[in-house]
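Visitor: I would like a close look at a single part of this structure. Please start from one residue and then go on to the elements that can be described around it and elsewhere in the chain.

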Amino acid sequence: RTRVFSGVKPTGHLTLGNYLGAMRRWAAEDQHRAEALFCVVDLHALTVEHDPARVRRLSRQAATLLLAVGVDPALCTVFVQSHVDEHARLAYLMECTAGVGEMRRMVQYKEKAAREEEGRGGVRLSLLTYPALMAADILAYGTHEVPVGEDQAQHLELTRNLAERFNRRYGRVFVVPRATLPRVATRVMDLQEPTVKMGKSEQARTAGIVYLLDEPETVRRKVLRAVTDGGSEVVYDRGERPGVANLLDVLAACTGVADPAELAGSYGSYGALKKDTAEAVVELLRPVRERHAELAADPGYVDSVLREGAGRARGMARPRVDAAYEAVGLMAAG
Ligand code: TYM
């Protein structure tokens, strides 16, 4: 059976980008057709300056949101990364497989390192080695497919390279995984700055970010105030009209239209496009917000899901990580 693994990082409140790029498919498709694992990757949240209480809170919220979007623990495995030691154990072997040069070439590292350098704490070593941990997340489970947004494509390419290199050196231990991207909205852009990805951790400016738990009025305001482009005709052109193209992408994704360019023709003005997009997003998020409120009222249930998920995940990861330890020449514990 096809194995699927993916994760969300609890560095901020989850966004419409997380949902359209990744989480929606986990619930609607992946968990039904594959043996799937979905993980709150909390160790990754420690790679930048963080507030411990906030990370803990956001981890719980992310887990609750996973269930709220329809990820069903009866169909798949939902867990928290730090509850399963195998991730960190295998990450070390990935660091022994990867080179410093290829880590430094990661676009997300370069961007985040530049931002962190301006901060007080300097750049954490774990920010550089982040993709080794991410590769471990994926490879520990013999994953075939990793449903992610476009921004993770480079990390997935590196994961493939590490798997192939490890297998070549030490024998075939790992499945070489591939990224699966959504048909539309592979990269949802910030509504205020449509040349920049809509990202949860850009805390300074939130007017262009739709959060999954935003109130309907907030969602409407953010979408209606989205930056559009010069001209007034609604055309789909990502290069020249990034703001309008982004709205068309979001509207297409919300309404299940395969081709956002097709939608452009039915709009005579930016205003009408914004209005429909705002309503489509509000309706898309309504059940998520409602379900989240129910689940948040029952933290004991979420805890029990995560406990059981961690147990299952451990059992799935353990044999392969043990095999990798043996393959590289480490002595069995006896
Ligand atoms: P993270 O937490 O930044 O994002 C979670 C998922 O949401 C997707 N995504 C987007 N898709 C479209 N448009 C956007 N604006 C947008 N923003 C985020 C991401 O592509 C991702 O699929 N490194 C990962 C977490 C991770 C992981 C893993 C993922 C760690 N280990 C193993 C898959 C497998 C990250 O930072 O995702």
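In which helix is the place of Asn246?

Guide: The model is a predicted one. Asn246 sits in helix 9, the helix that covers residues 242-255.

Asn246 has a relative accessible area of 3%. It counts as buried because this value is under the 20% cut-off. Leaving out residues up to four places away in sequence, Asn246 touches Arg187, Val188, Met189, Asp190 and Leu191.

The burial of Asn246 can be set beside the count for its helix. Of the 14 residues in helix 9, 13 are buried, so this helix is largely enclosed by the rest of the structure. Its length can be checked as well. At 1.5 Å a residue, helix 9 should span 20 Å, and its end C-alpha atoms are 20 Å apart, so the two values agree. Just after helix 9 comes Gly256, with a positive phi of about 75°.

Helix 7, residues 153-170, can be put through the length check too. For its 18 residues the expected span is 26 Å, and the end C-alpha atoms are 26 Å apart, so here too there is agreement. The buried residues of helix 7 are His155, Leu156, Leu158, Thr159, Leu162, Ala163, Arg165, Phe166 and Asn167. After helix 7 comes Gly171, whose phi is positive, near 105°.

Another residue to look at is Asp137, which UniProt lists for "binding site" in an unreviewed entry. Asp137 lies in helix 6, residues 125-139. Its relative accessible area is 3%, under the 20% cut-off, so Asp137 is buried. Apart from neighbours within four places in sequence, Asp137 is in contact with Phe5, Val41, His44, Gln81 and His87. With one of these, Gln81, there is a polar contact between the two side chains, at 2.8 Å.

Phe5, also in that contact list, leads to the strands. Its bridge partner in strand 2 is Leu37. Strand 1 (residues 3-8) and strand 2 run parallel and are joined by six bridges. Together with helix 1 (residues 16-33), these two strands make a right-handed β-α-β unit.

Strand 2, residues 35-40, has five of its six residues buried, so it is largely enclosed by the rest of the structure. Strand 2 is also joined to strand 3 (residues 77-80) by four bridges, and this pair runs parallel. Leu37 stands opposite Thr77 in strand 3. Strand 2, helix 2 (residues 52-68) and strand 3 make a right-handed β-α-β unit.

In a regular strand, side chains alternate between the two faces of the sheet. In strand 3, Thr77 and Phe79 are on one side, Val78 and Val80 are on the other, and all are buried. Both faces of strand 3 are thus covered.

To return to the residue asked about: Asn246 is buried, and its place is in helix 9.

Methods
Residues are numbered from 1 along each chain as its sequence is written. This is a predicted model: local features need pLDDT of at least 70, side-chain atom pairs count only at pLDDT 80 or more; totals for chains, interfaces and linings use all residues. Side-chain values use heavy atoms; hydrogens and water are left out. UniProt positions are given in the numbering used here, feature names are shortened, and annotations may be inferred rather than shown by experiment. Buried means under 20% relative accessible area, exposed over 50%, partly exposed in between (1.4 Å probe, protein chains only). Contact means heavy atoms within 4.5 Å. A polar contact is a pair of N or O atoms within 3.5 Å; within protein, one must be able to donate a hydrogen and the other to accept it, and residues adjacent in sequence count only if both atoms are side-chain atoms. The expected span of a helix is 1.5 Å times one less than its number of residues. Two strands pair if DSSP finds at least two bridges between them. A crossover is right-handed if, with the strands pointing away from the viewer, the path from the first strand over the helix to the second runs clockwise.
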